[in-house]
Amino acid sequence: MAELPARESMEFDVVIVGAGPAGLAAAIRLKQLGDISVVVVEKGSEVGAHILSGAVIDPAGLDALLPQWRGEDSPVATAVSDDRFYFLGPALAVRLPNFLMPPLMNNHGNFIVSLGNVCRWLATKAEAAGVEIYPGFAAAEVLFGADGEVTGIATGDMGIGRDGEPKASFTRGMELRAKYTLFAEGARGHLTKALIARYGLDRDCGPPKYGIGIKELWQVAPGLHRPGLVQHTLGWPLDNRTGGGSFLYHYGPDLISVGFVVHLDYENPYLSPFEEFQRFKTHRLVRDTFAGGKRIGYGARAIAEGGWQSVPKLVFPGGALIGDGAGFLDVPRIKGTHNAMRSGMLAAEHAGAALAAGRANDELAAYEAAWRTSAIGADLWKVRNAKPLWSRLGTLMGVPLAAADMWANSLGLSLGTLRHRKPDQACLEPAAQCRPIPYPKPDGKLTFDRLSSVYLSNTNHEEDQPVHLLLRSPSLQRESEHDAFAGPSARYCPAGVYEWVDEDRAPRGPRYVINAQNCVHCKTCDIKDPNGNITWVAPEGGGGPNYQNM
Ligand SMILES: Cc1cc2nc3c(=O)[nH]c(=O)nc-3n(C[C@H](O)[C@H](O)[C@H](O)COP(=O)(O)OP(=O)(O)OC[C@H]3O[C@@H](n4cnc5c(N)ncnc54)[C@H](O)[C@@H]3O)c2cc1C
Ligand code: SF4
């Protein structure tokens, strides 16, 4: 490759990577603290374009950041009015009485939102306070100083062809240098992953655990809309060994967010989270809700499920992890927004104090020391055994025991802390030991295929650019992912990016096709490939989904 020109550089007090709830809360809090220069880079074409969530949010984060928000015109408008939980069998739906649920699971006082729109609104607050936000710019590289400290990030070069050579449209990335850099990339951030490895931040914690959440947005017939209704299910169509469940939220003008989460420690490589979601919509509990309605949005995103036991060390010289990138999601509640915001504020307060003391590019050790005794720690501590119990004992045994454990913890009783066993990629069983799962064909009205779904995510990538899904060893992919595990990437990817074609090609065997332009940036391949053979890196800034109202 030709030698590239030097990058231009800009200096800030704080650089923030990612304009999700964590990054924006950190930016706003820094400005509330004083005259601190702050820049936020966001890989989506606009703030909110890559935000995919449920979402029923606990307003605790917003209350702490913007105490006056309730009096304002904001996208946080639909209060939860009815909260239902069901266990499903193929033909039955058993409602679990609310009084049996641990109090922390109660959704009253929470709000149903489009988290993307909440982020758009938070971005206007941040900009009004003087934060610079650069959407359409992916942080592609971490910058290090002479002593190994983080000194900022570089945005990716634009206009590099698939062959790695600069095109006529080539523009060099920018260096954004800072005294402190906060990484708010969400679940499985790619720079975050590299930083965890570089500084050994996971030395003293359990393996990270994830789920994949797939969501559709529906405009439903007005008579079927019940604003404020929040409904969760577990059980069918998943088997007892596979964790996960559905959510269905009525909000806004005739809108329903419906989605399905599958824990990524599932074992059967024939399982398809996308098809499980499509099957779920055919259950008699929910199918009529969609009659006469129209599907208007689709997307998918990994969820950080490790909780208390999986949170890595958060700080390293010159920077810190915040939000889902640090793993602050409360799994049984499927809620991470409030803790993402809280962690952004907490890190901002410690960065602000360090700046006021004239410090720079050192460790924000006080942030690390503070989180477990903060509201975030209190939240995650009470639910820490839910995921390990579910993973070890299955849905029928594990979930009731998890509920009992959460009750005990809510009453101040601790029954110990269970460890997570294996990373998700190590949980797949060889295909020879598993049964293929026959999935019904989509009907195009209630159930759909992947490609028509991806179309609704408005995903767009410049086609002539290097593939952003890096395959370390093609031969390992064929011998292991295909031959031993029957090609699970063709099923776990919710966007149909991976395909094995030419199965009968002699003598070289099938070909692995990576349709990178369809990628919705969910990060599942980076997590679930059985050999860790796929690494997700940021494509050209602005590429990826363009979610609206998600
Ligand atoms: C299906 C689903 C349902 C959920 N339901 C709920 C719910 O009901 N309630 C709730 O509270 N939580 C819910 N969550 C979790 C919630 O969405 C997250 O906890 C929350 O969004 C985390 O905020 P964050 O700022 O840490 O990360 P994110 O919201 O993921 O934001 C990260 C941002 O950083 C950007 N970014 C990442 N890497 C880079 C880079 N290198 N350069 C530039 N930009 C970058 C991304 O594009 C994105 O905009 C759900 C999640 C999913 C997937
Ligand atoms: S290629 Fe990977 S990150 Fe992209 S949509 Fe598929 S599984 Fe998700």
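Visitor: What share of the exposed area of the chain do carbon and sulfur atoms supply?
Guide: The model is predicted: local features need pLDDT of at least 70 and side-chain atom pairs count only at pLDDT 80 or more, while totals for chains, interfaces and linings use all residues. Residues are numbered from 1 along each chain as its sequence is written, chains are lettered from A and ligands numbered from 1 in the order in which they are written, and side-chain values use heavy atoms, leaving out hydrogens and water. Accessible areas come from the Shrake-Rupley method with a 1.4 Å probe, and for residues only the protein chains shown count as cover. The chain exposes about 21300 Å², and the share from carbon and sulfur atoms is 54%.

Visitor: What is the radius of gyration of the chain?
Guide: The radius is taken over C-alpha atoms, and the globule rule is 2.2 Å times the number of residues to the power 0.38. For 550 residues the rule gives 24 Å, and the chain is as compact as a globular protein of that length because its own value is close to this, at 23 Å.

Visitor: Which aromatic residue pairs with Trp218?
Guide: Rings of Phe, Tyr and Trp (its six-membered ring) pair if their centres lie within 6.5 Å, with planes under 30 degrees apart counted as stacked, over 60 as edge-to-face and the rest as tilted. A search of the whole structure finds 14 such pairs. In one of them the centres are 6.2 Å apart and the planes stand at 50°, so Trp218 forms a tilted pair with Phe448.

Visitor: How far apart in sequence are the parts that this pair ties together?
Guide: Helices (H or I, at least four residues) and strands (E, at least two) are DSSP runs, numbered from the N terminus. Trp218 lies in strand β14 (residues 210-219), whereas Phe448 lies in the loop between α9 (386-410) and α10 (450-455), so the separation of the joined parts is 230 residues.

Visitor: Is Trp218 buried or exposed?
Guide: Buried means under 20% relative accessible area, exposed over 50%, and partly exposed in between (1.4 Å probe, protein chains only). Phe448, at 12%, counts as buried. With a relative accessible area of 0%, Trp218 is likewise buried.

Visitor: How many of the residues of α6 are buried?
Guide: The expected span of a helix is 1.5 Å times one less than its number of residues. For the 20 residues of α6 (residues 337-356) this should be 28 Å, which agrees with end C-alpha atoms 28 Å apart. The helix is largely enclosed by the rest of the structure, because the buried residues among its 20 number 15.
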